[in-house]
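Me: Could you walk me through one part of this model up close, starting at the end of a helix? Feel free to carry on from there to whatever else stands out.

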Amino acid sequence: MGAHTTLSDIAMEETARSAQSAPGGLCFFVSCENLHLALPDPSMLQFTQQTMQRGLANGLALAKTMMKKDIGSGGVATSSSPWDGHSVCQVTVRRAGNSTPLVLRTDARRSPNPTYALSLLLPSDLSPIDTCTFEIVADVGTQQKSSSTSSSSIPHAASKKSLAFTSSIDLLVLMDAKARGEPLRLPLDVADAYLRVDWPVSMPLHMPSPPFVGTTCAHYRFAKSLQMTEEIAEVTLGASFPPQVLLQSIHELDTKIATWTALLDRANMTECRFENMAVAAARGCDVVRVSVSRARGLQMSAAPAPLASSSDSVTQTLRSSMFALAKSVKSSVPSPFAKFKHATPDEEIAASTYCHVMWQDPRTLDSLWTVGRTNTVPSSSEPTWAADCGGQRLHSIVDANTFVMARPANPDRRGCLECHVFAEKTSTSKLSQRTKTTAISLGVATLALNQLHVSTTDMTRFVFQDWVRLHQRAADSDAVCRCDGLDMQCIGEVYVDVEIEVGSSAYAKEADETVAPPAAIAAPQTLWLQGSSTRVLPPMVYSAAFIETQIAAAVATQTTLRALIETSQMWVETHTRFKSSQDKKTPSLQHMPTNLHACWAQTGAGAVLPTITCGIPAAHALGLDKIDLALLDDQMNEAFNECQALQAALPASSRVYFGVLGLEDALGPSVADATPATDDDKDDDMETPSGTKDKASSAAARFSSLVSSARRSLPPVAAASIKLMTNAVSSLSEDKSLAGQLARLVALQDAYHLRKTIVVAQALTALTAAFQSSVAIAIQTNTLAEACAQWARLGFLCGWESLVSSQGKELHMLVDAQVAIDACRHFRFQLVPTTTLHDDSHHDEDEDGVVLVEDTTTIQIPVDAAALSAWADNSTIGITCVLFTQGINEMQSLANMSHLGGVTKQSEINTTNLVVLHQYADSFKASSPHTTGLELVLDQLRDAVRHENGAAKNTDILHLASTVVRRLRGGRVTCCKSGKDRTAMSVTWEQATWARGDDGDNGDDGDNGDEDDDVALDRANTMREHGVRLDVAAKNVGHKKYSFNALQRKLLPSIYRPPLSTIQDMVTSVQLRDS
């Protein structure tokens, strides 16, 4: 709200909360003198409460009777609960010419002469001729303990009990007293009783805007005249800073893409994979053209039969008897010609032929690789074939019924070409209507490459065009060669047309294996993106398809990050700063911190307590189901170890050709317009030429498809698709081969990179806001030189307080946050004059000027040049972050009772960060003479962490850690899942204990043995019920209620329990959940 804000439109008798921003408005405190209210006996109130509890236990009917509301005169509901002595001061303002009054109320106090803690704030647009009336009213809200979702309703006029009131006065009276700075005493309608009006002291600190844009504030006056202001602001960094972190991640991906691209050229040369054959020839490769177009003299009857399958006969004999079944199984012994000579009554036989072309040269490592396959021609002894589909490993294509491929230079023409001719038998069962295709080898025609001769028209071409005989190889288990070494036709002949075009010699050595390829699978160069290990996997030549997959994955991640940057730019242009907790899982906003606010509690004595609050940095949009940065890091190390061990077992030649060998030696897609049914219906019934089902696909052969499934999970900003990455990684982990582990490792690296980028962007933004808050306070208290001297020597200390539980998804949030906070230590701050960052003449109201210098970890913070003159050193400032955590909600109660593993993780985090905090404190003590109180609190923290009870909520750790950090002049960030409910309870408790000094000296560590915690809890509850935190809750969920129900409230530690009037009922707490 701005200065023009008015409450005149609020309905009659509706309260107006004083926690609103109204610069220039009339703010004051009220108290009663000589009123001497007759308070009820507390023992009688306790007796009444005990009676009600017994009634509730005895029966529902009696409970309803005692809780029901009576109907008073005029049909107005009145409360049957007795007054417990609490009263509020209510001021009613009547504007000239406006019949609707403006009503404001203080907090409730139980005292004969109450002094109300909450200030009253009148809008600045009121006129001096407007009138107001003050009234002391018995408060019944504390007895009703309503859990309604409305936070502004007050008891109806007919139900309130007026205890005292003043006559109507003009606002001019208040304004004159304010101008004189004198208290105002207004007589009440009780003899010798007065209402005293006091003015708040001026608070010396004002937060700079930008980066802080104030939203709400509240003024309090606690016992012993201690005045405190609670102010909260949105932070412009929430939208403007994360894109700069994302840009560094994009630049890291540029480096990764460049490495893979360099390796891709090496892989293309190794695989002879080019855009076209002209490029292949220019790069020094031979261009091979193969055509197997005809066959003649094929002897179908000479073909041996494969092992027969008895599935159909079994199906048939099941209808007869077990004897018939046994006979059928016995009769399934192979018969050389039965399959072609006889047909059962319910089978129709059709035989067709095709040719499978294979290639061998020195680069195929003494193996035969598939060139391609022809189409299938129906039963004929002289078929005419056409090239149908090429081979994947050789990257052969079909061009004008010819197989075309590139091969490494082979001047000696070592190797051969083999043409395998198969007959396909298609049988259809009339009973099951299923069609099964069986391929039967007829023979093989072999052509040695040295049989090619130089073309008569072109000396760079070697050709062969002739008939080549088909033979049955004696090595085949289902074939017997009948050639007998005679110069005679065996099974038939095929016509082979081969041409080898010798490539240019200029680039023949470009892919020399003696030159080591670049190492592509390595840790990022950017420090904050690295995991726990920075090892590099020894370089290998991966397949081009695999490399292209990695490039596509990196580009997809860049697309995601650029889309996030565009969203941030749109927010900055529209001056949008606040990301609600409802948007934690929104993919397009996942890089921004949730519910980011800066708040300051300060007293008239000049003491200030700054705190940054936000939702815990975590990758909500990327999923939190059994996944976090630490788990990904562990899995990366495991996969790296597996790859390293498997890679060490490979011979040197296999490393060079690993990419090629990893490709599946299979056929590519058919180019025929109409493919025979036998090709379209290749399912589980399709058998290999040997007659057995194809189970030879190794893990390396499945390499490309596995990686492709992992990479399809990275579209631009798509939550559901991004979450599929976890499932893809899980499926890859099942493949224990080197190819499978490589695919798993790179998938894990990609997932880790994106997740860490998102989480660090959130954490670093909150950390930078904490530093800017500390700088602003140091400037206004004239301590910037002292603060900078400490920061330059020791670094800036920031203490993080986490309130999430150590169970379920919140445990993974906690781990994400811990890794991100650790990564923030790689960055450094630098204070620079404002003019070096932007021209003041073009200064925008939301332009904070914070710059993360490109390709560095230096964050430049703009400071007014005059203020910065007190510190001439331009060196960078290191960062030390510590995180202390303690779950406080009902899920932590469950974790403590069940002794789940997350409790141990919580203790490990506290112990690890205690060591870091101790190191900073030791350095601080070495250069600071005033450390007596620090030593005491640090010892208490060490004992609390060392003896942390896994079955309890050790909230003392949080309080002591906060005290130590503030004693060390560090910044503070408090967070829970959403940054609004548990965070509100913690911040208000810390402010209440901080402000409980007798004379406003808030250097007290909050651990005075004589101090009554009930006083601090009363102050905390006043802030929880009437302060700025309910406004934060309303910004997130639309209601001024904390997202606790009665059961959840009961399971919170007593110091974190909100007033009953501020919580939700059971149904509403579920409906308004923002998780």
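Reply: Right after α6 comes Cys272, with a positive phi near 55 degrees. This is a predicted model, so local features need pLDDT of at least 70 and side-chain atom pairs pLDDT 80 or more, while totals for chains, interfaces and linings use all residues. Numbering runs from 1 along each chain as its sequence is written, and side-chain values use heavy atoms, with hydrogens and water left out.

Helix α6 itself covers residues 242-271 (helices are DSSP runs of H or I, at least four residues, and strands runs of E, at least two, numbered from the N terminus). Its 30 residues reach 42 Å from first C-alpha to last, close to the 44 Å expected (1.5 Å times one less than the number of residues).

Now the sheet: 6 strands make an open, antiparallel one, ordered β20-β21-β15-β26-β25-β24. β20 (397-399) and β24 (453-454) are at the edges with a single partner strand each, so one side of each has no neighbour in the sheet. β20 pairs with β21 (residues 402-407) over 3 bridges, antiparallel (pairing takes at least two DSSP bridges), and Val398 sits opposite Phe403 in β21.

As for packing, the largest nonpolar core (buried Ala, Val, Leu, Ile, Met, Phe, Trp, Tyr and Cys joined through side-chain atoms within 4.5 Å; buried is under 20% relative accessible area, 1.4 Å probe, protein chains only) has 109 residues. Helix α18 (residues 738-780) gives the largest share, 24 residues. Leu831, among those with the most contacts inside this core, touches Phe771, Val775 and Ile861, among others beyond four places in sequence (contact: heavy atoms within 4.5 Å).

Note on methods:
Buried means under 20% relative accessible area, exposed over 50%, partly exposed in between (1.4 Å probe, protein chains only).
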